[in-house]
Amino acid sequence: MPRPLGELEDAVMTRVWQWNRPVTVREVLEDLQRERSIAYTTVMTVMDNLHQKGWVRREVEGRAYRYTAVSTRAAYAAALMNEAWSRSDNPAAALVAFFGMMSQDQREALDDAIRIVRRDTPQSAPPAEGDDGTGARER
């Protein structure tokens, strides 16, 4: 699991993910400058760091690079949630607390996701004779 993105890394990756196409440092810089004062070299360094960390791949185009995301923002968010959940000493309690923080819209999205996973998961075989379905055998 990669470390969470820093603030500027997240700002850069947000643009790469939203635009969903190869981008240049100049494009990202110009968009970031709408919100903050930032130097070209700073954005270039951040994008190079993201490349070194495996978040983006790059291809040379003329004298510049074009950067493309390696994975989606959804995959990044899922990895962060999985990492946080796996560090819990009580995963069930962590899930209950997490679900308690969700809005109604988020709970509906969760219900949709569970339906999709259940639909895409192969059905398990029925319990064998004498098996109560828990893996314990009758004696």
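Let me start with a rule: rings of Phe, Tyr and Trp, taking the six-membered ring of Trp, pair if their centres lie within 6.5 Å. By this rule, the count here comes to four aromatic pairs. One of them joins phenylalanine 98 and phenylalanine 99. Their centres are 6.2 Å apart, with 50° between the planes, and the pair is tilted. Ring pairs also link Trp17, Trp55 and Tyr76 into a cluster. Keep in mind that this is a predicted model.

Now the overall layout. The protein has six helices and two strands. From the N terminus, the order is α-α-α-β-β-α-α-α. There are 139 residues, and buried ones make up 20% of them. The protein exposes about 10300 Å². Carbon and sulfur atoms supply 52% of that area. What about contacts along the chain? Take those with a separation of 6 or more: residues 24 or more positions apart account for 42% of them.

Next, the strands. E1 covers residues 56-61 and E2 covers residues 64-69. In which sense do E1 and E2 pair? Antiparallel, over six bridges. Valine 56 has alanine 69 in E2 as its bridge partner. The hairpin of E1 and E2 has two residues between the strands. In that hairpin, glycine 62 takes a positive phi near 65°.

Let me turn to threonine 24. Where is threonine 24 found? In the loop between helix H1, 7-19, and helix H2, 25-32. Is threonine 24 buried or exposed? Its relative accessibility is 14%, and the cut-off for buried is under 20%, so threonine 24 counts as buried. Which residues does threonine 24 contact, leaving aside neighbours within four places in sequence? Met47, Tyr65 and Arg66. Of these, Tyr65 and Arg66 fall within the residue range of E2, 64-69.

Last, back to the two phenylalanines. Phenylalanine 98 is in helix H5, residues 91-101. Why does phenylalanine 98 count as partly exposed? Because its relative accessibility is 36%, and partly exposed lies between the 20% and 50% cut-offs. Phenylalanine 99 has 32% relative accessibility, so that residue counts as partly exposed too. On the surface, Phe98 and Phe99 join Met81 in a nonpolar patch. Together, Met81, Phe98 and Phe99 have about 260 Å² of accessible area. So one picture to take from H5 is this: phenylalanine 98 sits in that helix, is partly exposed at 36%, pairs with phenylalanine 99, and belongs to the patch with Met81.

Terms used. Residues are numbered from 1 along each chain as its sequence is written. This is a predicted model: local features need pLDDT of at least 70, side-chain atom pairs count only at pLDDT 80 or more; totals for chains, interfaces and linings use all residues. Side-chain values use heavy atoms; hydrogens and water are left out. Helices (H or I, at least four residues) and strands (E, at least two) are DSSP runs, numbered from the N terminus. Buried means under 20% relative accessible area, exposed over 50%, partly exposed in between (1.4 Å probe, protein chains only). Contact means heavy atoms within 4.5 Å. Patches are made of residues with over 30% relative accessible area and no salt bridge: like charges are joined within 9 Å, nonpolar side chains (Val, Leu, Ile, Met, Phe, Trp, Tyr) within 5 Å. Accessible areas come from the Shrake-Rupley method with a 1.4 Å probe; for residues, only the protein chains shown count as cover. A salt bridge is a side-chain nitrogen of Lys or Arg within 4 Å of a carboxyl oxygen of Asp or Glu. Two strands pair if DSSP finds at least two bridges between them. Rings of Phe, Tyr and Trp (its six-membered ring) pair if their centres lie within 6.5 Å; planes under 30 degrees apart count as stacked, over 60 as edge-to-face and the rest as tilted.
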